[in-house]
Amino acid sequence: MTIDIESKLKETRVFEPSPEFSKKAHIKSMAEYEAIWKRSVENPEEFWGEIASELHWFEQPKKVLVWDEPFAQWFVGGKTNITYNCLDRHLTTARKNKAALIWEGEPGDQRIFTYQQLHREVCKFANGLKSLGVKMGDRVCLYMPMIPELAIAMLGCARIGAPHSIVFGGFSAEALKDRINDAGAKIVVCSDESWRRGKQIPLKANTDEALKGCPTIEKNIVVKRTGGKVPWNDKRDIWWHDLVKDQSSVCEATSVDSTHPLFILYTSGSTGKPKGVQHSTGGYMVGTYYTNKIVFDLKEEDTYWCTADIGWVTGHSYIVYGPLANGATSVMYEGAPNQPHDGRFWEIIEKYKVNIFYTAPTAIRAFMRWGEQHPQKFDLSSLRLLGSVGEPINPEAWIWYHTFIGHERCPIVDTWWQTETGMIMISPMPGATPTKPGSCTRPVPGVAAEIVNEAGEPVPLGSGGRLVITKPWPAMLQTLYKDDQRYRDAYWSQVPHKYYAGDSARTDELGYFWIMGRLDDVLNVSGHRLGTMEIESVIVSHEKVAEAAVVGMKDDLTGEAVCAFVTLKRGIEPSDAIIKELKAHVDKEIGALARPKKLIFTDALPKTRSGKIMRRLLKSIANGEVTSGDTSTLEDHGVLKNLSDLASTEDDAT
Ligand code: PRX
């Protein structure tokens, strides 16, 4: 495959961190960053070994890294427990009564847990799991809203060495079922319902639906959140409050090998089946601890807020594990940014005097649309650092963020990373790196990134290519759950001896990285990864559909949106009713996040002579671009003309 991504982005503005910020920062200058980075990649074992020694180990690691490409074992021989580092470690310090978690519910309720209180709740829940027969290595699935019990459940699982698998609450029953079955989970935890924009989402009913096809599940633990009426199965279901009521608040952290799996998190790939990304305990702990500290310049007195959902990797690493390992105060918000009003985020920042704020470009674009009058109503003077993650941030959104939220005072860290990398890989160091809107700048210490051509050779500065990571890093995925071969194929076979991220990028004259997008069949909708094949196979499974192809189209708000080209079975005519049916079908099988924004009905799809759908062409059509690509292999040129006409006349089918 040729990479014909020409960067059209020529952003020349440079923003230096202020001297006041740099003076107090963990990394104070580019010279300091360069020195740390150089040492870290020349001598990674020494570098990561030193960081690991800041954390608690029941038994010290004997070897920092055992690298048997493509399998890394970090801190081998070391025994630890991530919850000991996230909780117990702080209880003998002044952090004992510090707020670990500040939680704000969508309806406006509030709960705050000090380190000591959180420790107690985690122990009780861990004992509850034990009482249900959960043992080290058993998988526990969490399908929950953004409530404190989600963080408590994660930590409770980790406490006893039971890997958790969190399924985002926006996924459907069908998607939940597939993930439970792939992981062979023994327990599922959900809530009665969740709040979303004032509406109640039936998580328990969805779970019940999923559990019709999940033979490995023994118990369903249910948190009471909204108090709504839910279906109940006395044999299988147990209320969270009943489970923990009489449990002891002492539960010693199980000592696990550093390489013991901490969690599985499913993410979309190039095929129809989601990938179970498996992370380790020790490596992940060290990687998230360190990057949380230096990228966000985390200090003892900071109130830190990452707005992601814990159902995604950002929430795992930078709401729960990273901040708690650092003894920080992490804010967690349950609801939507515009509930009950468009200024809700800014109100929360003012209320808790948030210092560090980490969100996604799609959210920033929504804020821009709603207007700066909303943040202007609130006091944002506590903010000192802003972050962005999930997709390339367009310079316009960057400048808006800088101006109206950061008041031209706060550095912005644009952090590039993935579910698979576990930790931030490329990002400015806020007290050191001059930033350029749209660039995630340079790799963090300990990370070696490169851009290569198809032959795996580094490309000249300024040219586009494949983004690869050239050395193992501690928070890297261990494998894909029970599928070492797919792990090899997906990440280690396209470019020899390098981790292939699936993204295209270029570097500029300063060696800054500019991410240009995915090279595989993965879409990025609102910063969420969706596999085109996954959506296609769902659409094709509808009884009225003969064939379908899904591509991404540009979208001002969500970055990319789903566009589906659909050929209906003979005798079935396109109609609004079918559009509705197909959308509902995608909602049911995957979740509303995968719902096509545009559906284009066509009698035929453009194919090569060998019968392959020409997705590249469809993508150009969906994006209204002239199809200038090579069409010489196209079987029937008439199809292309008809499709282009259709795409330009088709109304947005949302
Ligand atoms: O394409 C990149 C994009 O998001 C993908 C990873 O998605 P996921 O595993 O869901 O994790 C998202 C949160 C870490 C990447 O392959 N991406 C992530 N961050 C950025 C980004 N693209 C550009 N700039 C970023 N800062």
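Two strands are taken to pair if DSSP finds at least two bridges between them, and the helices (H or I, at least four residues) and strands (E, at least two) named on this tour are DSSP runs numbered from the N terminus. This is a predicted model, in which local features need pLDDT of at least 70 and side-chain atom pairs count only at pLDDT 80 or more, while totals for chains, interfaces and linings use all residues. Residues are numbered from 1 along each chain as its sequence is written, and side-chain values use heavy atoms, with hydrogens and water left out.

Begin by colouring the protein chain by pLDDT, the predictor's confidence in each residue, from 0 to 100: the average is 93, and 94% of the residues score at least 70. Next select residues 1-8, where pLDDT stays under 50 and the model has 14 contacts (heavy atoms within 4.5 Å) beyond four places in sequence. Residues 650-654 also stay under 50, with eleven contacts beyond four places in sequence. Where pLDDT is low, the predicted coordinates should not be read in detail.

Now select the open sheet of seven strands, which has mixed pairing and runs in the order β5-β4-β17-β16-β18-β19-β20. Its edge strands, each pairing on one side only, are β5 (110-114) and β20 (412-415), and the twist averages 15° from one strand to the next. Within the sheet, isolate β18 (residues 356-359) and β19 (residues 385-389), which pair in the parallel sense over four bridges; here F357 stands opposite L386 in β19.

Add helix α11 (residues 313-325), which packs on the sheet and touches β4, β16, β17, β18 and β19, its direction making about 160° with that of β16; such angles run from 0 to 180 degrees between N-to-C directions, with axes fitted to C-alpha atoms, for helices over the stretch in contact. Helix α12 (residues 344-352) packs on the sheet too, touching β4, β5, β16, β17 and β18, with its direction at about 145° to that of β4. Returning to α11, 13 of its 13 residues are buried (under 20% relative accessible area, 1.4 Å probe, protein chains only), so the helix is largely enclosed by the rest of the structure. After α11 comes G327, whose phi is positive, near 70°.

Finally, select the ligand together with the 17 residues that surround it (a heavy atom within 4 Å), the closest being D414, T415, T419, R518 and R529. A nitrogen atom of the ligand is 2.7 Å from a polar backbone atom of T415. For E391, a polar backbone atom lies 3.4 Å from a ligand nitrogen, and for P392 a backbone N or O atom is 3.4 Å from a nitrogen atom of the ligand.

Key: Buried means under 20% relative accessible area, exposed over 50%, partly exposed in between (1.4 Å probe, protein chains only). A polar contact is a pair of N or O atoms within 3.5 Å; within protein, one must be able to donate a hydrogen and the other to accept it, and residues adjacent in sequence count only if both atoms are side-chain atoms.
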